[in-house]
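Hi everyone, thanks for coming. I have one structure to walk you through today, so let me put the sequence and the model up on the screen.

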Amino acid sequence: MAEDKDATSEPLSPSVDEEDPEDPVKSSPNSSNSSTRKACCYFLQSWVSKKFMTGCVVLFPVAITFFITWWFIQFVDGFFSPLYEQLGIDIFGLGFVTSLVFVFFVGVFVSSWLGATIFWIGEWIIKRMPFMKHIYSASKQISAAISPDQNTTAFKEVAIIRHPRVGEYAFGFITSTVLLQRDDGDEELCSVFVPTNHLYIGDILLVSSKDIIRPNLSIREGIEIIVSGGMTMPQRISPAERVARQNERIPLNRIVL
């Protein structure tokens, strides 16, 4: 019994061939190889993910552009393509070209006296419809803003006003002016349309002409800034008056004969 007890209490010596994980001399090559593999895998994963995201960033606007263009071509082509199908003509894009030509001739026709009269009658009928008149008025305001033939109902200028709090500014469009009559004198106010949902919905604010900043931006540039969510915002915006003063200060080159 004593011999068995001594045998069980005697510690087992490790084999020579077995590696001790706590031995720094034997475990250092394995640990260094493992850390090297981890570093290489992390670098490769980071490089692949970064290049993949770069490809997504580059291809996303291209894909969206082609998708919208393709959808627009199919949508416009669908107006006249059924007519050509009934005639036995199956040429893709022919309906799209026909639609563009049709829009061009509509513009020519409406520019005449007869076309303007017929268009005015159709507009008068639409404005008498309960629901369609609101949609037509909003869409006409937007189309009039970017129309090459500017009229009294279009956006006049791009405006920057202090809104909604002090220290914050908002983009808007000057639509009209009004004269506010007060006891201490008359004050000119500008009706500024500040879009809150792209260009369809917005607030009408009456702001004093003195408090309006008129930047050197066209109506089209202002619409692009609002529709794009500010992504097409120029890096520097200067008031139109300041740009005009700077142009006046530039001396003219004298030509000496």
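Before anything else, please keep in mind that this is a predicted model. Let me begin with a stretch of chain that is easy to pick out: residues 52-73 are 100% helix and 0% strand, and the C-alpha atoms at the two ends lie 31 Å apart. A second stretch, residues 93-126, is 94% helix and 0% strand, with its end C-alpha atoms 32 Å apart. I chose these two ranges for a reason you may have guessed: the unreviewed UniProt entry annotates residues 52-73 and 93-126 as "transmembrane region". That label comes from the record, and such annotations may be inferred rather than shown by experiment.

Now let me zoom out to the overall layout. The chain has seven helices and four strands. Going along the sequence, the order is α-α-α-α-α-β-β-β-β-α-α. How much of the chain is buried? Of its 257 residues, 18% count as buried.

Let's go back to the second annotated range and look at its surface. Which residues make up the nonpolar surface patch there? The members are F102, V103, V106, F109, V110, W113, L114, I118 and F119, and together they make a patch of about 900 Å². Helices α3, residues 94-111, and α4, residues 113-126, each supply at least two of the patch residues. The biggest contributor is α3, with five residues. If you want one side chain to look at, try W113, which lies in helix α4. W113 has a relative accessible area of 70%, and the cut-off for exposed is over 50%, so W113 counts as exposed.

While we are in this part of the chain, have a look at E123 and K127. These two form a salt bridge, with the closest N and O atoms 3.9 Å apart. The cut-off for a salt bridge is 4 Å. E123 counts as buried because its relative accessibility is 8%, whereas K127 is partly exposed at 38%.

Next, the inside of the strand-containing part. Which residues form the largest nonpolar core? There are 11 of them: F155, V158, I160, F171, F173, F193, L217, I219, I223, I225 and I226. Strands β1 (157-162) and β2 (169-180) and helix α6 (219-227) each supply at least two residues of this core. Helix α6 gives the most, with four residues. There is also a second, separate core of nine residues, and among them are V192, V194, V207 and I212. As general background, nonpolar side chains in soluble globular proteins tend to be buried together.

On to the other salt bridges; the count for the model comes to four. E157 pairs with R214, and their closest N and O atoms are 3.3 Å apart. Where do the two partners sit? E157 is in strand β1, while R214 is in the loop between β4 (201-208) and α6, so to speak a link between distant parts of the chain, 57 residues apart. Both partners are partly exposed, E157 at 34% relative accessibility and R214 at 25%.

E187 and R182 also meet in a salt bridge, at 3.2 Å from N to O. Salt bridges with shared partners join R182, D184 and E187 into one network. Within that network, R182 is partly exposed at 41% relative accessibility, and E187 is partly exposed at 21%.

Last topic: the cysteines. How many disulfides does the structure hold? Zero. C40, for example, is in no disulfide, since the nearest cysteine sulfur, that of C41, is 6.9 Å away and the cut-off is 2.5 Å. Is C40 buried or exposed? Neither, strictly: C40 counts as partly exposed, because its relative accessibility is 48%. C190, by contrast, counts as buried, at 1% relative accessibility.

C190 also brings us to a neighbour in space. S176 and C190 are 14 residues apart along the chain, and their C-alpha atoms are separated by 6.0 Å. S176 is found in strand β2 and counts as partly exposed, with 35% relative accessibility.

That's my tour. I'm happy to rotate the model to any of these spots, so please shout out what you'd like to see.

Technical notes: Residues numbered from 1 in each chain as written. Predicted model: local features only at pLDDT ≥ 70, side-chain atom pairs only at ≥ 80, totals over all residues. Heavy atoms only, no water. Buried < 20%, exposed > 50% of the residue type's maximum accessible area, 1.4 Å probe, protein only. Patch = residues over 30% accessible without salt bridge, like charges linked within 9 Å, V, L, I, M, F, W, Y side chains within 5 Å. Areas by Shrake-Rupley, 256 points an atom, 1.4 Å probe, with all protein chains shown as cover. Salt bridge = Lys/Arg side-chain N within 4 Å of Asp/Glu carboxyl O. Core = buried A, V, L, I, M, F, W, Y, C linked by side-chain atoms within 4.5 Å.
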